[in-house]
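This report describes the surroundings of a bound metal and the chain that holds it. The sequence and the structure are shown first.

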Amino acid sequence: MFSRHIPRVLGGAALLALVASAGLGVSSCAYQNEQELFAGEQLSCDTVSVTYRGTIAPLMAQHCQRCHGPTRAESGVVVTAHHDVQTLGRTGQLLGVIQHKPGYPAMPDDEPMLSECDINKVKKWVRAGMPDN
Ligand code: HEC
């Protein structure tokens, strides 16, 4: 009676072991992919050649002008021209809103926070004196 049960128990254990190892295999693979993606993002983050026209204006166009442009100016804020963005940089509002600092409304209003890479680019430009380049 017992001897008939043993193989079944062993079979169950072997199946569990197989499932467990398959599970481990999948998770270690996902982990590797994550690392690769992260490495890729780091490599593509160029904060050296930051310019207003090449970096900041496209960021404003993509993430901000929908609500802060010629057709819609939430809070009276517009970010279409260099001097608009420069003014926000000077007052501290630009870095305050994109970094979700206390006391500033978190921007973009309806999207996740900008990537760390994009935020670093804006910081770099503000620190450089917000040139119109
Ligand atoms: C979906 C619409 C939307 C988007 C996109 C958006 N904003 Fe705003 N923004 C708002 C609204 C609404 C307010 C007013 C919020 C409030 O006062 O609480 C505001 C307020 C602001 C203010 C005024 C802050 C203050 O201190 O009163 C600034 C500066 C600003 N946004 C900058 C930006 C920047 C920079 C981006 C892009 C990174 C951006 N916004 C993207 C809707 C948006």
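In what follows, a residue is called buried if its relative accessible area is under 20%, exposed if that value is over 50%, and partly exposed in between. The model discussed here is predicted.

**The chain as a whole**

The protein chain contains five helices and zero strands. Along the sequence, the elements follow the pattern α-α-α-α-α. Of the 133 residues in the protein chain, 26% are buried.

**The iron site**

Two residues coordinate the iron atom of the ligand: His-68 through NE2 and Met-107 through SD, at 2.0 to 2.2 Å. They connect distant parts of the chain, since His-68 belongs to the loop between α2 (52–63) and α3 (82–91), whereas Met-107 belongs to the loop between α4 (93–98) and α5 (116–127), with the two positions 39 residues apart in the numbering. Both His-68 and Met-107 are buried.

What arrangement do the six donor atoms around the iron atom form? The arrangement is octahedral, because the angles that the six donor atoms subtend at the iron atom of the ligand run from 85 to 178 degrees. The ideal angles for six octahedral donors are 90 or 180 degrees.

**The shell around the ligand**

The ligand occupies the space of the largest pocket. Its shell comprises 18 residues, of which Cys-64, Cys-67, His-68, Ser-75 and Met-107 come nearest. Helix α4 supplies the largest share of this shell, namely four residues.

Side chains also approach polar atoms of the ligand. An N or O atom in the side chain of His-68 is 2.7 Å from a nitrogen atom of the ligand. For Gln-93, an N or O atom of the side chain is 3.3 Å from an oxygen atom of the ligand. His-68 thus appears both as a coordinating residue and in this short list of ligand distances.

**Backbone features in the loops**

Met-107 also takes part in a cis peptide bond, which joins it to Pro-108 with omega at about -5 degrees. Pro-108 is placed in the loop between α4 and α5.

Positive phi values occur at two residues that are not glycine. Ser-75, one of the residues that come nearest to the ligand, has phi near 60 degrees and is found in the loop between α2 and α3. Is Ser-75 buried or exposed? Ser-75 counts as exposed, because its relative accessibility is 74%. His-100 has a phi of about 55 degrees and lies in the loop between α4 and α5.

**Accessibility of further residues**

The table gives the relative accessible area of three residues.

| Residue | Relative accessible area | Class |
|---|---|---|
| His-63 | 15% | buried |
| His-100 | 32% | partly exposed |
| Tyr-104 | 33% | partly exposed |

His-63 is located in helix α2. Its side chain forms a polar contact of 3.1 Å with the side chain of Glu-111. Why does His-63 count as buried? Its relative accessible area is 15%, and the limit for a buried residue is under 20%.

Tyr-104 is placed in the loop between α4 and α5. The C-alpha atoms of Tyr-104 and Leu-94 are separated by 9.4 Å, and the two residues are 10 residues apart along the chain.

Conventions. Residues numbered from 1 in each chain as written. Predicted model: local features only at pLDDT ≥ 70, side-chain atom pairs only at ≥ 80, totals over all residues. Heavy atoms only, no water. Donors = N, O, S within 2.8 Å, 3.2 Å for Na, K, Ca; no water. Tetrahedral: all angles 85-135°; square planar, octahedral: opposite > 155°, others 65-115°. Buried < 20%, exposed > 50% of the residue type's maximum accessible area, 1.4 Å probe, protein only. Near = heavy atom within 4 Å. Polar contact = N/O pair within 3.5 Å; in protein donor to acceptor, adjacent residues only side chain to side chain. 1 Å grid on protein atoms, 1.4 Å probe; cavity = no way out; pocket = protein on both sides within 12 Å on 5 of 7 lines; lining within 4 Å. Sits in = over half its atoms within 2 Å of the grid points.
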